[in-house]
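This report describes the architecture of one protein chain, moving from the overall fold to a pair of helices and then to a sheet. Please keep the structure in view while reading.

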Amino acid sequence: MKCFCYQDSARRAHSIAAQGGINAAKNYQNDGDSIFRLFYDTIKGGDFRAREGNVHRLAEISLQIIDQSVALGVPFAREYGGLLANRSFGGAQVSRTFYARGQTGQQLLLGATSALNRQIATGGVKMFSRTEMLDLVVVDGQAKGIIVRDLLTGEITAHAADCVVLATGGYGNVSIFQRTPRGATPAPSGARTAKGRSLPIPASRKSTRPASR
């Protein structure tokens with residue numbers, strides 16, 4: 001897998017991340033919470049402007065999100081007995097918010113970044129920082145790679161992939177994760193798809209001049 005990001009690391013500024021907590025219908029407080037109630041509260045609290053199917057799926061996976069975050073080392077607040085603490089937050093009538101003081105968003109960010117750094121260290125992910133995405137390579141209506149420019153050298157390269165994910169959350173900061181096909185070795189002048197077809201770089205993109213800021 002390859003990860004491309006515009007900044008020095010695949011992170012967003014924690015100052016614009018949610019700090020109040022993260023909701024999950026685990027019903028630790030035994031106050032009648034459930035997946036359906038979290039779904040209902042989210043739909044109603046959003047002024048009925050959300051997609052019901054997506055919100056219901058969010059409520060379902062909220063249970064696993066907390067478990068995964070704990071496994072990543074996110075230091076959620078805990079009761080004196082050692083169990084995860086909950087509080088009522090954002091007008092909810094039940095206590096379903098897991099939090100890490102006033103730094104929940106930052107701690108979740110650090111946990112995810114640590115997991116990414118672990119994969120980089122083991123060789124599972126190859127990191128490309130300070131890289132600008134110029135174009136998306138589309139083959140037969142499917143995203144099969146990207147064309148990027150190194151912001152330090154100005155070099156333009158193409159990278160092939162089985163799938164491309166654009167993680168564009170947070171004030172336009174873009175991080176691109178892509179899985180390279182087995183046996184594919186992208187060359188500086190182009191790349192190849194899983195079917196072996198060449199992905200040429202457009203002539204207008206071949207300039208190697210450093211990007212102007």
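A residue counts as buried when its relative accessible area is under 20%. By this criterion, buried residues make up 33% of the 213 residues in the protein chain. The structure is a predicted model.

**Overall fold**

The protein chain contains three helices and 11 strands. Along the sequence, these elements follow the pattern β-β-α-α-β-α-β-β-β-β-β-β-β-β. Among the contacts in the chain with a separation of 6 or more, 55% are made by residues 24 or more positions apart.

**The pair of helices α1 and α2**

Helix α1 covers residues 35-45 and helix α2 covers residues 52-72. The two pack at an angle of about 135°, and their axes lie 9 Å apart. Angles between 115 and 145 degrees count as oblique, and α1 and α2 are therefore oblique to each other. Their crossing is right-handed.

On the α1 side, the residues that meet α2 are Ile-35, Leu-38, Phe-39, Thr-42 and Ile-43. Their counterparts in α2 are Glu-52, Val-55, His-56, Ala-59, Glu-60, Ser-62 and Leu-63. Sorted by class, this contact has seven nonpolar, three polar and two charged residues.

One residue of this contact may be examined individually. Ala-59 is found in helix α2. Is Ala-59 buried or exposed? Its relative accessible area is 1%, which is under the 20% limit, so Ala-59 is buried. Apart from its neighbours within four places in sequence, Ala-59 is in contact with Ile-35, Leu-38 and Phe-39. Ala-59 and Ser-34 are 25 residues apart in sequence, and their C-alpha atoms are 8.8 Å apart in space.

**The sheet of β5, β6 and β7**

Strands of a sheet pair through backbone hydrogen bonds, in either a parallel or an antiparallel manner. In this model, an open sheet of three strands has the order β5-β6-β7, and the pairing is antiparallel. Strands β5 and β7 stand at the edges, each with a single partner strand, so one side of each is left without a neighbour in the sheet. From one strand to the next, the twist averages 25°.

The strands β6 and β7 run antiparallel and are joined by five bridges. Within this pairing, Gly-145 stands opposite Ala-160 in β7.

The residue ranges of the three strands are listed below.

| Strand | Residues |
|---|---|
| β5 | residues 131-139 |
| β6 | residues 142-150 |
| β7 | residues 156-160 |

How values were computed:
Residues numbered from 1 in each chain as written. Predicted model: local features only at pLDDT ≥ 70, side-chain atom pairs only at ≥ 80, totals over all residues. Heavy atoms only, no water. Axes fitted to C-alpha atoms, helices over the stretch in contact; angles between N-to-C directions. Helix = DSSP H or I, 4+ residues; strand = E, 2+ residues; numbered from the N terminus. Parallel < 35°, antiparallel > 145°, perpendicular 65-115°, else oblique. Left-handed = near helix turned anticlockwise from the far one by under 90°. Contact = heavy atoms within 4.5 Å. Nonpolar A, V, L, I, M, F, W, Y, C, P; charged D, E, K, R; others polar. Pairing = 2+ DSSP bridges. Buried < 20%, exposed > 50% of the residue type's maximum accessible area, 1.4 Å probe, protein only.
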